[in-house]
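Here's a friendly walk through one protein model, written for someone opening it for the first time. Take a moment to look at the sequence and the fold before reading on.

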Amino acid sequence: MREIAVNLIQVRDRIELAALAAKREPEEIQLMAVSKLFPASAVEEAMHAGQTCFGENYVQEGVEKIQQLAKLRPWLEWHFIGPLQSNKTKEVAHHFDWVESIDRLKIAERLSAQRLELPEVLPLQVCVQVNVSNEESKSGVLIEEAVALCDAVAQLPGLTLRGLMAIPAPSTDPVEQRAACAKMKALFVEIQQSRLDDRGYAYFDTLSMGMSDDLEAAIAEGSTLVRIGTAIFGQRPPAKA
């Protein structure tokens, strides 16, 4: 087996053990392989090892990778998970399947209009990103503003609101890790329960949190999608200037 395939087995084992420890079914948690800064060949290698969901942080790099792997497009699901500027929304709307990093209405409105430019295309699946740790350096809407943004996004054509995404502040303390994830789970449940009959929330089922260093804490607190890069692909090369 090649290194990426071995790493995927190990990550899947971690997910399974974390799920069982939390008395959850492992099938409830989707694994996203974060392939930013790695070549298309690494994505292809991971796909041959059974991985189909991939995440990209940089628009140009992600679009180029999607195009390079066009022959595999029917089997791959591409998530955009990085900060998104207004002048980059069209490329994301036209090429990605998911956007997990919506943090303001203007971005969602542009994605909505630009997704509708495509003929016979499925709605763009989206998550609202929440700055759960209130970090100035992080993107995301504040917890107290998240519900209002979700309500607005849920009504936009061409988009399907799927849930929430968060990147908690880094910590090696499992208690701190779980505390941040628990805040996200509480917000997620609050939105689900208060909007059960709203058609705009018909598919609100995704809580995207947990990375290589804190996936166990995230799964313990209800994550349905973990975003793993280093543990699958290894140490990232430096970003291009």
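Start with strand β4, residues 98–102: five of its five residues are buried, so the strand is largely enclosed by the rest of the structure. Keep in mind that what you're looking at is a predicted model. β4 has a partner in β3, and the two pair in the parallel sense over two bridges. If you want a spot to zoom in on, take Phe80, whose bridge partner in β4 is Val99.

**Another covered strand**

Now slide over to β1, which spans residues 30–34. Four of its five residues are buried, so to speak a mostly covered strand. Which strands does β1 pair with? One of them is β8 (residues 225–228), joined to β1 by four bridges and running parallel to it. Here Gln30 stands opposite Leu225 of β8. Another is β2, which is also parallel to β1 and is joined to it by two bridges. On that side, Val34 faces Gly55 in β2.

**Helix α2 and its surroundings**

Leave β1 and you come to a loop that leads to α2, and Leu37 sits in that loop. Leu37 has a phi near 70°, a positive value in a residue that isn't glycine.

Then comes α2 itself, covering residues 40–48. Which of its residues are buried? They are Ala40, Ala42, Val43, Glu45, Ala46 and Met47. An α-helix has 3.6 residues a turn, so residues three or four places apart point the same way. That's handy to remember when you look at the list of buried positions in α2, with Val43 and Met47 among them.

What covers those buried residues? The cover includes helices α1 (3–21), α3 (59–68) and α9 (230–233), along with strands β2 (53–56) and β3 (77–80). Ser41, also in α2, is partly exposed, with a relative accessible area of 49%. For a sense of scale, the C-alpha atoms of Ser41 and Lys183 are separated by 37 Å, and the two residues are 142 apart along the chain. After α2 comes Gly50, which has a positive phi near 100°.

**Four side chains to compare**

How much of a residue is left open to the outside varies from place to place. Here are four to click on:

| Residue | Relative accessible area | Status |
|---|---|---|
| Gln114 | 9% | buried |
| Ser86 | 18% | buried |
| Ser41 | 49% | partly exposed |
| Glu120 | 86% | exposed |

Gln114 belongs to helix α5. Leaving out its neighbours within four places in sequence, Gln114 is in contact with Thr89, Lys90, Ala93 and His94.

Ser86 is in the loop between β3 and α4 (89–95). The cut-off for buried is under 20% relative accessible area, and at 18% Ser86 therefore counts as buried. Setting aside its neighbours within four places in sequence, Ser86 is in contact with Arg104, Lys106, Ile107 and Arg110. Val126 comes 40 residues away from Ser86 along the chain, and their C-alpha atoms are separated by 16 Å.

Glu120 lies in the loop between α5 (105–115) and β5 (124–130). With 86% relative accessibility, Glu120 counts as exposed. Glu120 also has a positive phi, about 50°, although it is not a glycine.

**Zooming out**

How many helices and strands does the protein have? There are nine helices and eight strands. Of its 241 residues, 51% count as buried. The C-alpha atoms fill a box of roughly 45 × 40 × 35 Å along the principal axes. Why call the overall shape compact? A compact globule of 241 residues would have a radius of gyration near 18 Å, and the protein's 17 Å agrees with that.

The chain also folds back on itself over long stretches of sequence: among contacts between residues at least 6 apart in sequence, 63% join residues at least 24 apart.

On the outside, the protein exposes about 11800 Å², and carbon and sulfur atoms supply 52% of that area. As for charge, there are 25 positive and 34 negative side chains, and the centres of these two sets lie 4 Å apart.

Note on methods
Residues numbered from 1 in each chain as written. Predicted model: local features only at pLDDT ≥ 70, side-chain atom pairs only at ≥ 80, totals over all residues. Heavy atoms only, no water. Buried < 20%, exposed > 50% of the residue type's maximum accessible area, 1.4 Å probe, protein only. Contact = heavy atoms within 4.5 Å. Rg over C-alpha atoms; globule rule 2.2 N^0.38 Å. Areas by Shrake-Rupley, 256 points an atom, 1.4 Å probe, with all protein chains shown as cover. Lys, Arg positive; Asp, Glu negative; His and termini not counted. Charge placed at Lys NZ, Arg CZ, Asp CG, Glu CD. Pairing = 2+ DSSP bridges.
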